[in-house]
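The following exercises concern a predicted model. Each consists of a task and a solution worked in steps.

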Amino acid sequence: MTATHAFPYLTVLVLLPAGGSAAVAIVGSMPGIRRAVVEWLGICVSLATLGLAIAVAALFSTTTGGFQFEVFDNWAGSVGVHWQLGIDGISLFLVLLAGVLFPIVLAGARTRSDARSYVAWMLLLECACMGTFVSIDLILFFFFFELSLIPSYFIISGWGYARRAYAAIKFFVYTFLGSAFLLVGILVLAFIHEHQTGVLTFSLPALVHTHLSSVADIGLFLAFTAAFAVKAPLFPFHTWSPDAYGEAPTGGSMLLAAVLAKFGTYGILQFDLRLFPQASVDLAPLMLTLAVIGILYGAVVACAQRDLKRLVAYSSVAQMGFVALGIFAFSAQGLTGSVLLMLNHGLITAALFLLIGWIYERRQTWQVSELRGLQAPAPVLAAVFTVVMLASIGLPGLNGFVSEFLVLSGTFVTHRWWAVVATAGVVLAAMYLLWAYQQVFHGKVDLANSRTRDLSWAERVVIAPLIILIVFLGVYPKPVLDRITPSVTSLVAQVDAATHTHQPPVALHGTKGVDARTHRGGSR
Amino acid sequence: MTGSLGPHLPGLLVLVAHVQRAGAIVTPHIRYLAIIPEIVMLGGAVLLLVAASLVRRPLRISVATGATLAISAASVGVSLWQWFDVMGHGPFTAVDHAVVVDGFSVLVNVLVSCAMFITTLVADGYARREGLDGAELHVLAMVSATGAMIMGSANDLIVIFLGLEILSIALYVLAAFNHRRAASGEAALKYFLLGSFSSAVFVYGIALVYGATGSSNLGQIAEFLSKHVLVSNGLLLAGMTLLIVGFAFKVAAVPFHMWTPDVYQGSPSPVTGFMAAVAKAGAFAAFLRVFVSSLGLVRADWQPIIYGLAVVTLLLGAGLAVVQRDVKRMLAYSSINHAGFVLLGLQAATARGVSAALYYLFAYTFMVIGSFAVVTVIGRKGDAAHDIASYRGLARRQPLLALAFVVLLLAQAGAPFTTGLWAKLQVVLAAVDHSVPLALIAMVSAAIAAFFYLRVAVLMYTPAPTADTVPGSQPPAESAVALFGSSTRRGGALDRTRTMAETQPEPVDDVRAPQVAPSRPVWTGTQRQAAALGPLNASLLLDDDPVTLALFGGTVAGAGRTLEGGALALESGVPVDGAGERMLVGDGTGGGDAAGGMPIVVRAVGAAGTVRVPVLTAVAIGICVGITVVLGCWPGPLISFAHHATLLFVP
């Protein structure tokens, strides 16, 4: 079932950035080291990590839906915790996303002060991201999940904007509180499993077979989801995110929205659905409703923003709502769309935050009212922004469309009315993004804006990979879908088997309207 | 001699013969190897004391430190030897079943010896800085450590009480050790009064349990309870309750925690760290042993009490820590929160709970001693700069020290890849056994606790305020009180300065910045804006005549000197303390109109902010951080070590 490799790819993938972080901290503290050295060291380490992630993707088998590249080592065996790593079609592209974004952040969103600490924290954050996506031991997953808080906290509070201290504390306490429920949930689940089998383990593949009473099932689902919903963030646990995204430095915002937010939805997919399939199905209407509220709320609030960064922050809340919508639709299409949307949203949001950060560098403001007619002095910036914005709206031919379409059509066949309402979010997204674009780039340029510098060659090189990926995934998403589909299919099969729902091939006569309460699942 | 004893001699001989015949007093066979760590520690302390009293002058600090380090290391060594003995030959009781040697007791011995070793490293720098010659500090600490070790290996309530008293009485003295600080004496008196009261309660508890079960031996109590069903168990219940009160006082569980913040704040900082680690370890060791092993069969009676204690301890400890401004008080409340976590392990009353609690104590010892080592260093000479403001901008001045403190604080908060999270994980795993709500409460309290650890952490990484971060940089027209006021205010204000200075037993003027000349102004504004800056570490300089003030929360605790050309208006409310990262510098031209407020220049002074970290203290901090992180990333050894911390008697 699972391919094994002699070389421990995943362990190295996780430890390489951590080692790089330590190296940067040590090298950077030596006297006479210039900041460029530290920055290049960081970029090299993150590029090496990306190379490793690409190698994993190249060796990834498309014929199996299970975990590949598994690593299993005794770590703290006497309490049942193992260094157990594995990667499947769901986590593969999140690993790649993180691998792509970190070099871009380190190269494109540099800081003015204390490069050493910034780069070191960034690399530690990369370690946490990689670890979170490849851990299949629940405690190990929790460790990396929590570890991500520390570097992101220090990045926000150290290099953020005016209200950074408030935003950082709010971010930390919110997510830490959510994690408290997650930890207790994990321990209770392991305890129940130990009670049934006599083995104390936190391994995901083993814990899947735990028999849960319906009360325990629902309770544990809620405990796990509390942490994931805060992290994602899903409505109504999102209130920390506009502050954190808004006050963080550009690189911090990019990673928070593009990668760290995915921890939440990834957790729901990989852990909630596998461990508590019955509760996931039972509570799907609740989660779908929250997702739809999040989509509409995020979009409406984004419409009211006069600050570019907060606008993107709220649009991110809406997009994560789409991800949740696709997950709890329980159709293979919807789930595939969700996984793809996680990747696409990561690319698009990172590009948006990066561009907005560059605008801020030039104009020292995010206020839409103070920006005008940037198209004239900065045509390349405008062109790049156009592509990214259109991808975010979901224009066919760019990546956002593919995933949004899959999510909405996947939801429509199983939960029609939620899909119908959610579609309004797409319209609203077009409204606020086009409005912002129009205000910022069109119009008659005034004196203050006319001096705006266009993108430098270095900046063009940095943003180019994102633009290429946005276009490529919009035109030819097949390589990605090929790798996602087996895992999603096996996940859907697992949920079906556990919930004893007989699945008609929904996609075939989905348009006839399938009652959501009796038929759940997807096409094979 | 013969004359005086003569008439009684036959009688005495008859008595001895009678006693021997009847066998009423049988001295038990003492297996010295069973109590070798205690012997090493206590014997070493006595030898050091004798040596110190034989030399003419106070023993040099380096000698006392060296001897104490050697003794502690030897104690660690023999404890580890005991460990292999127990692993090889199994646990046993000795000295007429009054002492037990099992995995649990050995682990406590290792823990206490390690704590003693690290504390000695920290205390060395402290003693030099404060000019505390002699070996008394070390001797008392070793005696106290012996008490904790006795509590860990006692198998008899009376022996536990002996250990408790040996531990406590030495600690009372240690709390008062810095006799130049009034706070130290106050702390000691408070600790002594409340501590002796709790000891009395504890003894009464022993008496009642003895009355109920007919023995004070833990094994025999367990045996009695296993063979008898108590029809009326009021006596036992009362005795258990009093024992819980006595232990709860020592481990600082709410509502018996009242002494903790004051005593932790007042005691010399290295002693506080020692107290937090060793007293808690010893008391918890006995607490666990008595309740899990000896009263384990009646756990249904005491578990609800511990449950309640744990809930209030967790929540109040974390909640009250949030509002503290003094870092030592904050750590005191945080130690209360930690005690709540250890109570989770006790409340579970299982082998897993016991080993989890012991792991927690192990991890906590290094985190707390390390934290107080940093606090000791930051406290500067006089051990007074403990306001949270003293930590502002520490990362800029001393990045390694700040990083170490951040790691220790995050570990206490339960950050991943530190022993802190492994400890929390294990006690919570023990607690979910039958109480999921308690586990949830514990983790929520950890989230609250994370808030105040982070507050210190973020302050260390926040540079001192500069003009552009201060709201309202426009000079206000109607500044009511000028820092350097008009001539009409001059006299009164100065008088007040003097009065305040006189009421202080020991002026803290040596915390003044060592040099003030080469400085660059980093902030200029008026007094009102200075007040908006929040707590400033500052010295006031006027006409090159430096005056150091320490204002803590509005009261003056500093010395004033005669000023030329200006006066101080102390009601100005500018929080100033002596830790001295920033200098508040008046322009010195004197006068100034009361309405407008005198301009103030805040200057950063070169070396003023940095504190000296003695080498041994740095080693101690390094050991603590290293153990916390290395054993957090590579948790196997310590966890399996703690898993062998089994009690000899488990019902």
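**Exercise 1. Chain B as a whole**

Task: Determine what percentage of the contacts in chain B with a separation of 6 or more is accounted for by residues 24 or more positions apart, and characterise the chain further.

Solution. Step 1: for contacts in chain B with a separation of 6 or more, residues 24 or more positions apart account for 82%. Step 2: the secondary structure of chain B comprises 23 helices and eleven strands. Step 3: chain B has 651 residues, of which 59% count as buried.

**Exercise 2. The contact between the chains**

Task: Describe the side of chain B that touches chain A, by helix and by residue class.

Solution. Step 1: chain B and chain A contribute 27 residues each to the contact. Step 2: in chain B, helices H18 (419–431), H19 (436–460) and H23 (636–643) each supply at least two residues of this side. Step 3: H19(B) gives the most, with eleven residues. Step 4: by class, the side of chain B that touches chain A has 22 nonpolar residues, four polar and one charged.

**Exercise 3. The largest nonpolar core**

Task: State which residues have the most contacts inside the largest nonpolar core, and examine A:Leu101 in detail.

Solution. Step 1: the core has 429 residues, and A:Leu101, A:Val184 and B:Val428 have the most contacts inside it. Step 2: its largest share, 20 residues, comes from helix H15 (residues 351–378) of chain B. Step 3: with neighbours within four places in sequence left aside, A:Leu101 is in contact with A:Met254, A:Leu255, A:Ala258, A:Val259, A:Gly346 and A:Ala350.

**Exercise 4. Two helix pairs**

Task: Classify the relative orientation of H3(B) and H4(B), and that of H5(A) and H7(A).

Solution. Step 1: helix H3 (residues 36–54) and helix H4 (residues 61–89) of chain B pack at about 165 degrees, their axes being 8 Å apart. Step 2: the cut-off for roughly antiparallel is over 145 degrees, so H3(B) is roughly antiparallel to H4(B). The crossing of H3(B) over H4(B) is right-handed. Step 3: the contact of H3(B) with H4(B) has ten nonpolar, four polar and no charged residues.

Step 4: in chain A, helix H5 (residues 138–147) and helix H7 (residues 164–197) pack at about 170 degrees, with axes 10 Å apart. H5(A) and H7(A) are therefore roughly antiparallel as well. Step 5: H5(A) makes this contact through A:Leu138, A:Ile139, A:Phe142, A:Phe145 and A:Glu146, and H7(A) through A:Ser179, A:Leu182, A:Leu183 and A:Ile186. Seven of these residues are nonpolar, one is polar and one is charged.

**Exercise 5. The surroundings of B:Val377**

Task: Is B:Val377 buried or exposed, and which residues does B:Val377 touch?

Solution. Step 1: B:Val377 is located in helix H15 of chain B. Step 2: a residue is buried if 20 or more other C-beta atoms lie within 10 Å; B:Val377 has 23 and is therefore buried. Step 3: not counting residues up to four places away in sequence, B:Val377 touches B:Leu401, B:Val611, B:Val613 and B:Thr617. Step 4: the C-alpha atoms of B:Val377 and B:Tyr126 are separated by 7.9 Å, although these residues are 251 apart along the chain.

**Exercise 6. Backbone geometry in loops**

Task: Locate B:Ala349 and B:Pro255, and describe the backbone at each.

Solution. Step 1: B:Ala349, not a glycine, has a positive phi of about 55 degrees. B:Ala349 lies in the loop between helix H14 (327–348) and H15 of chain B. Step 2: the peptide bond from B:Val254 to B:Pro255 is cis, with omega near 5 degrees. B:Pro255 is in the loop between helix H10 (234–251) and helix H11 (259–266) of chain B.

Technical notes:
Residues are numbered from 1 along each chain as its sequence is written. Chains are lettered from A and ligands numbered from 1 in the order in which they are written. This is a predicted model: local features need pLDDT of at least 70, side-chain atom pairs count only at pLDDT 80 or more; totals for chains, interfaces and linings use all residues. Two residues are in contact if their C-beta atoms, placed from the backbone, lie within 7 Å. Helices (H or I, at least four residues) and strands (E, at least two) are DSSP runs, numbered from the N terminus. Ala, Val, Leu, Ile, Met, Phe, Trp, Tyr, Cys and Pro count as nonpolar, Asp, Glu, Lys and Arg as charged, and the others, Gly among them, as polar. A nonpolar core is a set of buried Ala, Val, Leu, Ile, Met, Phe, Trp, Tyr and Cys residues joined through C-beta atoms within 7 Å. A residue is buried if 20 or more other C-beta atoms lie within 10 Å of its own, exposed if 12 or fewer, and partly exposed in between; C-beta atoms are placed from the backbone. Axes are lines fitted to C-alpha atoms, for helices over the stretch in contact, and angles run from 0 to 180 degrees between N-to-C directions. Angles under 35 degrees count as roughly parallel, over 145 as roughly antiparallel, 65 to 115 as roughly perpendicular and the rest as oblique. A crossing is left-handed if the near helix is turned anticlockwise from the far one by less than a right angle, and right-handed if clockwise.
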